[in-house]
Amino acid sequence: MDKKVSDKKERLLAALDQGMVMIHLDARRPGVLVPASLRGEAHLRLNVSYRFEPPDLTVGEWGVRSTLSFSGSRFTVAVPWSALFAIASHVTKEFWMYPEEMPPELLQQPPVASASVARPPPPTPVPVAAERPRAFLREVQAERTDEPESRPEVAPPPPPEGGPPDEPQPPRRGHLRLVK
């Protein structure tokens, strides 16, 4: 195994030990096994993890093999090391790229944001909880009077025209039940 393959394997294994990893690959390369709808992708991204069902992820001398779900259907994918050109850890946010393995059309694309294109202003950062002033609750003493609190009386709505006379309604039961 050459140094580049060994480096890819070590980095992928270390990232997988932390959690989910996204691998970037050229699905058109020989030896790549992906669903037919994705075989022409120059930049295919796959999420892999030891926690996926079924737990059959293997990282070996040849490359990466795992059963993944595509639109609800399971498919066993195989990615040789020569087709893998980037590894990104979802957990640590680390990213490793191997430009010499990238498809030429990805290298020829212009940068996404250039200096001539007006960029939107950066968002203003929201202060972290430690930086914001802390709000305190305090008890407010109300003036006490010996007179009972008077509330304005609300008149009942007028009966509908031509409707039945006002009859007392039976008390309503609560809508919640106790389930044991």
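1. Let me start with a detail in strand 5: Phe70 has Ser73 as its bridge partner there. Phe70 closes strand 4, which covers residues 63–70, while strand 5 spans 73–80. The two strands run antiparallel and are joined by 8 bridges. Please keep in mind that this is a predicted model.

2. What does the ring of Phe70 pair with? Its partner is Phe75, in an edge-to-face arrangement with 6.4 Å from centre to centre and 85 degrees between the planes. The planes count as edge-to-face because the angle is over 60 degrees. The count of aromatic pairs comes to 1. Are these two residues buried or partly exposed? Phe70 is buried, at a relative accessible area of 17%, whereas Phe75 is partly exposed, at 24%. The two fall into separate classes because the cut-off for buried is under 20%.

3. Now for the sheet around this pair. Strands 3, 4 and 5 form an open sheet in the order 3-4-5, with antiparallel pairing. Which strands stand at the edges? They are strand 3 (58–59) and strand 5 (73–80); each has a single partner strand, so one side of each has no neighbour in the sheet. As background, strands of a sheet pair through backbone hydrogen bonds, either parallel or antiparallel.

4. Ala78 is a good residue to click on next. Ala78 is found in strand 5 and is buried, with a relative accessible area of 8%. Beyond its neighbours within four places in sequence, Ala78 is in contact with Gly31, Val32, Leu33, Trp62, Val64 and Arg65. With Arg65, the separation is 13 residues in sequence and 4.5 Å in space, C-alpha to C-alpha.

5. Two of those contacts of Ala78, Trp62 and Arg65, also meet each other through a charge and a ring. The charged end of Arg65 sits over the ring of Trp62, 4.2 Å from the ring centre. A second arrangement of this kind involves Lys8, which lies over the face of Tyr98 at 5.3 Å from the ring centre.

6. Moving on to strand 6, residues 84–89: how many of its residues are buried? The answer is 6 of 6, so this strand is mostly covered by the cut-off of under 20% relative accessible area. Strand 6 runs antiparallel to strand 1 (residues 21–25), with 5 bridges joining them. It also runs antiparallel to strand 7 (residues 95–97), with 3 bridges.

7. Ala88 links these two pairings nicely. In strand 6, Ala88 is the bridge partner of Met22, and Ala88 also stands opposite Phe95 in strand 7. Strands 6 and 7 form a hairpin with 5 residues between them. In the turn, Lys93 has a positive phi of about 65 degrees.

8. Finally, the chain as a whole. There are 2 helices and 7 strands, running α-β-β-β-β-β-β-β-α from the N terminus on. Of the 180 residues, 27% are buried. Among contacts between residues at least 6 apart in sequence, 52% join residues at least 24 apart. The protein chain exposes about 14900 Å², of which carbon and sulfur atoms supply 56%.

Methods: Residues numbered from 1 in each chain as written. Predicted model: local features only at pLDDT ≥ 70, side-chain atom pairs only at ≥ 80, totals over all residues. Heavy atoms only, no water. Phe/Tyr/Trp six-rings, centres within 6.5 Å; stacked < 30°, edge-to-face > 60°. Buried < 20%, exposed > 50% of the residue type's maximum accessible area, 1.4 Å probe, protein only. Lys NZ or Arg CZ within 6 Å of the ring centre and 35° of its normal. Pairing = 2+ DSSP bridges. Helix = DSSP H or I, 4+ residues; strand = E, 2+ residues; numbered from the N terminus. Contact = heavy atoms within 4.5 Å. Areas by Shrake-Rupley, 256 points an atom, 1.4 Å probe, with all protein chains shown as cover.
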